[in-house]
Amino acid sequence: MTASLPAGAHASGERLSAQLGLTERVLAGPRMRKLLRVVEDGLDRVEQTLARELKVSDTLADATTRYLYEAGGKRVRPMLTLLTAELGEGAIDDVIAGATALEMTHLGSLYHDDVMDGADVRRGVPSAHAVWGNNVAILTGDLLFSRASQLMAQIGERAIRLQADTFERLVLGQMHETVGPQAGEDPVEFYLQVLADKTGSLIAASAHAGVLFSDASSEYRDPVRQYGEKVGVAFQLLDDVIDLSPDPDETGKVPGTDLRAGVPTMPYLLLGRSGDPASRALKATIDDGVLRIADGADPAILDDAITALREHPATEATRRQAYEWADAAVAAIDPLPAGVVRDALVRLSHVIVDRSS
């Protein structure tokens, strides 16, 4: 079975700056002009490397591995690697290889996430498991992880260790999300750690890779790692808000996809902390709807509850949390030298929490 993308879907070779908001927001202004050209050129090289590394001789595997890549993506991770690499020797070959491998790792995780969450749409197209089934989707994710590891191995031991450590955190984050908090654990703090592992670790690795593979000063490694992890948590908290968005054409997902699949998000968890009767009733409605959906009911039974949660103060509180984590990310890179790289990282943290998809 084959699948084709809708008209207008992203294709390799397109300049990514407009998609990312680089020109207008992250790298705007005369001071950033040179850095913009460097990052755009680096992103083009990453795209070319991705296209090459995702080719598989097997017809089915070739179609499945390229599927979500061709559906687009923000490429936040390789952009971050390219930015931090400017603290060292810039976008040398090892930096491009590392950025590509980490983006492939991210792509692989999406195949697995959609299976576990039961998501039918990803990046505006049917999810891979909706097209080929769960087994093929999971195996495609595994294949992408393998390809990413092969690419890291070409860089050397330091890259292999970075990849292995990051992958361990990704798995632990997914495992903890699956089993949920244990007795006595605070659900909100538990969830924040899951976000740090599932999302923050890979973004932290991307920031770290730019410094590590460009042979920048070792004193920059910890600040950019902390920055990446905190930005990652902010990114995911904002995603929790976007998950409730009423416009699937903009977000590429059905509103409330995570909640309908029984995956708790920060607005839902903060709703549980609310003591007023209306909040308790809304939480009970969501809980009941999730159980009924798991038994085969139409997911649309939660439409009204999703709308109510979107308008609940818990969702705005989640948005505020995202801004707080973004501010903490900015504070983490205070030790970096003043200049366009640090300024760009500050702007990137703002762009991440101001986005709508």
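**A tour from helix α9 to the core**

Start at α9, whose buried residues (under 20% relative accessible area, 1.4 Å probe, protein chains only) pack against α6 (93-117), α8 (134-155) and α10 (187-213). This is a predicted model: local features need pLDDT of at least 70, side-chain atom pairs count only at pLDDT 80 or more, and totals for chains, interfaces and linings use all residues. Residues are numbered from 1 along each chain as its sequence is written, and side-chain values use heavy atoms, without hydrogens or water.

Select residues 157-179. That is α9, with 23 residues. The helix (a DSSP run of H or I, at least four residues) reaches 33 Å from its first C-alpha to its last. That is close to the 33 Å expected at 1.5 Å a residue (1.5 Å times one less than the number of residues). Its buried residues include Leu162, Thr166, Leu170 and Gly173. Step just past α9 to glycine 180, which takes a positive phi of about 80°.

Next, show α4 (residues 59-70) with α8. They pack at about 80°, axes 10 Å apart. The two are therefore roughly perpendicular (65 to 115 degrees) to each other. Ala61, Thr64 and Thr65 of α4 make the contact (heavy atoms within 4.5 Å) with Val136, Thr140, Leu143 and Leu144 of α8.

Finish in the largest nonpolar core (buried Ala, Val, Leu, Ile, Met, Phe, Trp, Tyr and Cys joined through side-chain atoms within 4.5 Å). Of its 99 residues, Leu27, Leu83 and Phe213 touch the most other members. Helix α10 gives the largest share, 13 residues. Select leucine 83: among the residues that it touches are Leu27, Val39 and Leu348.

How values were computed
Helix = DSSP H or I, 4+ residues; strand = E, 2+ residues; numbered from the N terminus. Buried < 20%, exposed > 50% of the residue type's maximum accessible area, 1.4 Å probe, protein only. Axes fitted to C-alpha atoms, helices over the stretch in contact; angles between N-to-C directions. Parallel < 35°, antiparallel > 145°, perpendicular 65-115°, else oblique. Lists of a residue's contacts leave out its neighbours within four places in sequence.
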